[in-house]
Amino acid sequence: MTGKELRDRRDAQGAFLELAAPQMDSLFGLIGRSGCGVLLTDAEGVVLELRCAEGDAQVFRDWGLRPGADWSEAAEGTNGIGTCLAENRPLSIHRDQHFQARNIGMSCMDAPIRPRGSTA
């Protein structure tokens with residue numbers, strides 16, 4: 001994805017990203033020292049925001065967990081982000097449950113974020 005395409009996606013979610021940023025920071029503050037990261041995607045599974053420790057940043061990049069990356073189920077097969085969006089429910093995908101062999105080094109816990117009162 002080009003920088004402009006990512007900016008356009010982020011701009012489309014502007015108010016939501018402003019609301020989400022402090023929550024992402026808070027969650028990262030709780031788990032960041034454990035080698036975990038916090039990601040926020042759009043409804044199509046494109047990563048918009050990432051929080052990870054500086055020392056873990058290269059690992060996340062190597063895994064393709066970076067802003068602009070497409071983690072939809074269509075792009076990556078079974079994975080935390082894409083499968084959560086496809087099934088529209090919180091879930092965990094642990095190591096070898098990932099479709100792509102290159103992703104078996106990670107475990108993912110994911111949950112869809114919806115407007116209050118929405119079930120879809």
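**Exercise 1. Place Thr 41 in the fold.**

Task: Which residues does Thr 41 touch, leaving out those up to four places away in sequence?

Solution:
- Step 1. List the contacts. Thr 41 touches Val 46, Val 47, Leu 48, Ile 81 and Leu 85, with residues up to four places away in sequence left out. This is a predicted model.
- Step 2. Find the element. Thr 41 sits in strand β1.
- Step 3. Check the accessibility. The relative accessible area of Thr 41 is 18%. Buried means under 20%, so Thr 41 counts as buried.

**Exercise 2. Describe helix α2.**

Task: How many residues does α2 have, where does α2 bend, and what do its buried residues pack against?

Solution:
- Step 1. Take the length. Helix α2 covers residues 14-31, which is 18 residues. From first C-alpha to last, α2 reaches 25 Å. That is close to the 26 Å expected at 1.5 Å a residue.
- Step 2. Locate the bend. α2 bends by about 35 degrees at Ala 20. A proline, Pro 22, follows within four residues.
- Step 3. Pick out the buried positions. In α2, Leu 17, Ala 20, Met 24 and Phe 28 are buried. Ala 20 is thus both a buried residue and the site of the bend.
- Step 4. Find the partners. The buried residues of α2 pack against α1 (3-12), β1 (38-41) and β2 (47-51).

**Exercise 3. Map the largest pocket.**

Task: What is the volume of the largest pocket, and which residues and elements line it?

Solution:
- Step 1. Start with the volume. The largest pocket holds about 1200 Å³ of space.
- Step 2. Go to the centre. The lining has 38 residues, and those closest to the centre of the pocket are Leu 39, Leu 40, Met 109, Asp 110 and Ala 111.
- Step 3. Name the elements. Two or more lining residues come from each of α2, β1, α3 (57-63), α5 (80-87) and β4 (107-110).
- Step 4. Rank them. α2 gives the most to this lining, with 7 residues.
- Step 5. Sort by class. The lining has 26 nonpolar, 9 polar and 3 charged residues.

**Exercise 4. Follow Leu 91 across the chain.**

Task: Is Leu 91 buried or exposed, and what does Leu 91 touch?

Solution:
- Step 1. Place the residue. Leu 91 lies in strand β3, residues 91-94.
- Step 2. Apply the cut-off. Leu 91 has 9% relative accessibility, and buried means under 20%, so Leu 91 is buried.
- Step 3. List the contacts. Leu 91 touches Gly 80, Thr 83, Cys 84, Cys 108, Met 109 and Asp 110, not counting residues up to four places away in sequence.
- Step 4. Add a distance. Leu 91 and Asp 110 are 19 residues apart along the chain, yet their C-alpha atoms are separated by 5.5 Å.

**Exercise 5. Compare three loop residues.**

Task: Where are Asn 88, Arg 95 and Ala 43 found, and how accessible is each?

Solution:
- Step 1. Take Asn 88. Asn 88 is in the loop between α5 and β3. Its phi is positive, about 55 degrees, although Asn 88 is not a glycine. At 31% relative accessibility, Asn 88 is partly exposed.
- Step 2. Take Arg 95. Arg 95 is in the loop between β3 and β4. Arg 95 is not a glycine, but has a positive phi of about 30 degrees. Its relative accessible area is 41%, which makes Arg 95 partly exposed.
- Step 3. Take Ala 43. Ala 43 is in the loop between β1 and β2. With a relative accessible area of 64%, Ala 43 is exposed, because exposed means over 50%. The C-alpha atoms of Ala 43 and Gly 82 are separated by 9.4 Å, with their places 39 residues apart along the chain given as the sequence separation.

Terms used:
Residues are numbered from 1 along each chain as its sequence is written. This is a predicted model: local features need pLDDT of at least 70, side-chain atom pairs count only at pLDDT 80 or more; totals for chains, interfaces and linings use all residues. Side-chain values use heavy atoms; hydrogens and water are left out. The expected span of a helix is 1.5 Å times one less than its number of residues. The bend at a residue is the angle between axes fitted to the seven residues ending there and the seven starting there. Buried means under 20% relative accessible area, exposed over 50%, partly exposed in between (1.4 Å probe, protein chains only). Contact means heavy atoms within 4.5 Å. On a 1 Å grid over the protein atoms alone, a cavity is a set of points where a 1.4 Å probe fits but cannot get out, and a pocket is an open set with protein on both sides within 12 Å along at least five of seven lines; lining residues have an atom within 4 Å of a point. Grid points are joined across faces, edges and corners, and a volume is the space filled by probe spheres set on the points. Ala, Val, Leu, Ile, Met, Phe, Trp, Tyr, Cys and Pro count as nonpolar, Asp, Glu, Lys and Arg as charged, and the others, Gly among them, as polar.
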